[in-house]
Amino acid sequence: FDWEGDQAPDIAAADTVIYELHVKAFSKRNPAIPAELRGSYAALGHPASIAHFKRLGVTTLELLPVHYHIDEQRLVGMGLSNHWGYNTLGFFCPDPKFAAGIDGQTARDEFRSMVKTLHREGFEIILDVVYNHTAEGDLMGPSLSFRGLDNASYYRHDVDSDHRSHLDNFSGCGNTLDIRQPAVLQLVMDSLRFWADEMHVDGFRFDLAPVLGRGDLGFYNRAAFFAALAQDPLLSHVKLIAEPWDSGPDGYQVGNFPRGWLEWNDHFRDTMRGFWLHMGQPGAPTRADFALRLCGSSDLFENRSRRPAESVNYVVSHDGFSLLDLVSYRDRHNHANGENNQDGHQHNLSFNCGIEGPTDDEAVNALRSRLRRVLLATALFSQGTPMLAAGDELGHGQGGNNNPYCQDNEITWIDWSGADHDLIEFTARVLSLRRRLQPFANDWYSTIRDSAGAPGLAWLRSDGQPLEADAWHNPDSRVLGCLIGHTGRAGTRLLLLVNGDTGDRNFDLPAGRWKVEFDSIDRIGAAQGQAAEAQLLLPAHSLLLLAPDNGD
């Protein structure tokens with residue numbers, strides 16, 4: 001394959017914006033892409049896809065599994081398929097189901113052409129990889145590969161069982177690969193090197209990553225797998241992202257991965273959903289919870305000598321409600337999955353705004369729109385690495401299905417014909433401001449004042465006074481201000497204002513003249529540049545970003 005001098009974009013962690021997508025679902029219904037290419041690797045490299053990525057301002061495409069996978073027999077019997085692809089059979093093979101095969105090009109070369117094109121346009125490619133289990137299932141599953149070669153070595157077995165064939169199931173999928181075994185570790189490392197070296201991908205997101213660090217007594221962040229990656233001359237330089245939980249004992253390991261790893265932060269997800277969508281309810285996140293997650297989750301990362309950018313901040317991923325559904329449904333609606341609506345998360349922290357599902361009620365739709373914008377802004381402005389799930393920026397819904405892993409159809413295929421172009425422009429504006437202003441630096445902040453008397457961060461009540469002591473945990477007020485003394489861009493001071501209440505609130509501004517850089521209520525950017533002095537009215541469910549008004 002002629003790589004034509006291909007070079008990785010090598011985007012710094014602090015500048016990274018992740019866009020999580022499924023190869024087929026992203027383009028299958030996009031009329032701007034030729035019909036014969038839709039749903040393929042080639043479609044991701046098509047000018048229409050690139051134009052959308054650039055319009056948004058994302059930097060890094062995280063692809064749901066593209067390793068060759070098969071469908072479980074149970075799903076085939078129900079006329080369904082494993083759409084997400086977390087059921088790997090071939091760890092060195094790009095799935096040919098995602099290849100358009102134009103001009104006789106193989107799946108491998110079509111994938112490489114996609115990577116080369118996207119690199120040339122400045123985008124990184126990260127693969128979601130599944131090295132925690134395989135497609136062979138539990139002890140009753142088919143013998144397709146490793147079970148027939150060396151079942152005792154490739155899979156972890158339940159040593160407490162009377163039957164040596166019983167497998168540990170830390171993946172929830174029937175089996176668990178045994179990374180303790182040298183041959184299995186070599187398999188995983190060889191596969192990673194293949195994708196980084198031969199296919200030029202820029203990093204990996206590891207599904208159920210604690211499995212990879214499990215020894216005899218549980219998870220260990222200095223396990224052989226982590227040591228092998230750290231010393232590898234190639235893999236030590238790619239982006240590494242953990243889904244930091246599995247279904248085994250002591251499987252929740254958020255914040256415990258090695259330095260340099262990024263981790264999906266579900267504390268951020270749940271706190272921000274609760275803060276914006278469950279206002280006034282018992283146990284809803286307070287201003288203290290909001291501030292902690294907004295500023296990098298120091299309780300999880302700082303004490304372990306980690307950087308803020310190692311927290312991957314998101315409110316929606318492929319797993320769960322889409323953003324539209326998050327504000328449109330109270331309950332999951334997964335009947336199409338064939339499991340009597342018993343699958344998928346129950347604890348969604350969603351809010352249907354008073355009506356379950358689609359409605360023509362203008363007030364309900366206006367509230368849903370307002371909440372989607374403020375959730376997007378919160379995730380994209382926060383300190384850490386933001387992640388956006390494909391389709392959320394244009395209003396794609398999944399009919400309330402919060403576990404559409406087996407829906408290879410219009411439930412998951414992004415509806416481009418119904419795209420909300422105002423929301424796309426809104427998302428692009430947020431990311432443009434993030435690039436230009438970098439509201440938070442990739443450093444831990446302190447309230448200690450510098451030589452000029454300015455703190456790194458100052459937290460304010462609505463009356464402009466310091467937010468202190470018990471006021472942080474007062475459930476009756478969800479209004480706060482964050483005065484950022486130094487941002488990621490030198491010489492910039494910013495004021496972030498938050499109103500999580502259901503009514504408008506006045507906010508007394510710090511001394512000086514300010515101008516509005518961003519208002520989440522504003523769909524089209526009309527408020528940008530407006531002057532503000534002394535006091536500002538914060539609309540309900542809103543986030544505003546202000547900068548000093550220097551008259552320029």
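This section describes the barrel, the pockets, a buried strand and the salt bridges of a predicted model.

The central feature considered here is a barrel. Eight strands form a closed barrel in the order β1-β2-β5-β6-β7-β8-β9-β10, and their pairing is parallel. From one strand to the next, the twist averages 30 degrees. Within the barrel order, β7 is followed by β8. Strand β7 covers residues 239-242 and strand β8 covers residues 262-264; the two run parallel and are joined by two bridges. Ala242 has Glu263 of β8 as its bridge partner. In general, the strands of a sheet pair through backbone hydrogen bonds, in either a parallel or an antiparallel sense.

Pockets were examined next. The volume of the largest pocket is about 1,200 Å³. Its lining comprises 42 residues, and those closest to the centre are Tyr86, His133, Ser171, Gly172 and Cys173. Two helices, α4 (73-77) and α9 (266-277), each contribute at least two residues to this lining. Sorted by class, the lining of the largest pocket holds 14 nonpolar, 16 polar and twelve charged residues.

The second largest pocket has a volume of about 750 Å³. It is lined by 33 residues, and Ser236, His237, Val238, Lys239 and Leu240 lie nearest its centre. Both α8 (224-231) and the barrel strand β7 supply at least two residues each to the lining of this second pocket. The greatest contribution comes from α8, with three residues. The lining of the second largest pocket divides into 16 nonpolar, eight polar and nine charged residues.

Another set of strands is centred on β16. This strand spans residues 542-548 and is mostly covered, with six of its seven residues buried. Strand β16 pairs with two strands described here. With β13 (residues 494-499), the pairing is antiparallel and extends over five bridges; Leu496 has Leu545 of β16 as its bridge partner. With β14 (residues 505-519), β16 is likewise joined by five bridges, and these two strands also run antiparallel. In this second pairing, the bridge partner of Asp519 is Leu544 of β16.

Charged side chains were considered last. The structure holds 32 salt bridges. Side chains of opposite charge can pair when their charged atoms come close. Arg180 and Asp216 form one salt bridge, in which the closest N and O atoms are 2.7 Å apart. Arg180 is in the loop between α6 (146-154) and α7 (182-198), whereas Asp216 is in the loop between β6 (203-206) and α8, so this pair ties together parts that are 36 residues apart in sequence. Arg180 is partly exposed, at 35% relative accessibility, and Asp216 is exposed, with a relative accessible area of 65%.

A further salt bridge joins Glu263 to Arg306, with 2.9 Å between the closest N and O atoms. Because Glu263 lies in strand β8 and Arg306 in the loop between α11 (298-301) and β9 (311-313), the pair ties together parts that are 43 residues apart in sequence. Glu263 is also the bridge partner of Ala242. Both members of this salt bridge fall under the 20% cut-off for burial: the relative accessible area is 0% for Glu263 and 1% for Arg306.

The side chains of Asp443 and Arg307 also meet in a salt bridge, at 3.1 Å from N to O. Asp443 is found in the loop between α14 (421-437) and β11 (457-460), and Arg307 in the loop between α11 and β9, so the contact ties together parts that are 136 residues apart in sequence. Asp443 counts as partly exposed, with 40% relative accessibility, and Arg307 counts as partly exposed at 38%.

Finally, salt bridges also occur in a network. Its linked residues are Asp128, Arg205, Asp207 and Glu243.

Notes:
Residues numbered from 1 in each chain as written. Predicted model: local features only at pLDDT ≥ 70, side-chain atom pairs only at ≥ 80, totals over all residues. Heavy atoms only, no water. Pairing = 2+ DSSP bridges. Helix = DSSP H or I, 4+ residues; strand = E, 2+ residues; numbered from the N terminus. Axes fitted to C-alpha atoms, helices over the stretch in contact; angles between N-to-C directions. 1 Å grid on protein atoms, 1.4 Å probe; cavity = no way out; pocket = protein on both sides within 12 Å on 5 of 7 lines; lining within 4 Å. Points joined across faces, edges and corners; volume = space filled by probe spheres on them. Nonpolar A, V, L, I, M, F, W, Y, C, P; charged D, E, K, R; others polar. Buried < 20%, exposed > 50% of the residue type's maximum accessible area, 1.4 Å probe, protein only. Salt bridge = Lys/Arg side-chain N within 4 Å of Asp/Glu carboxyl O.
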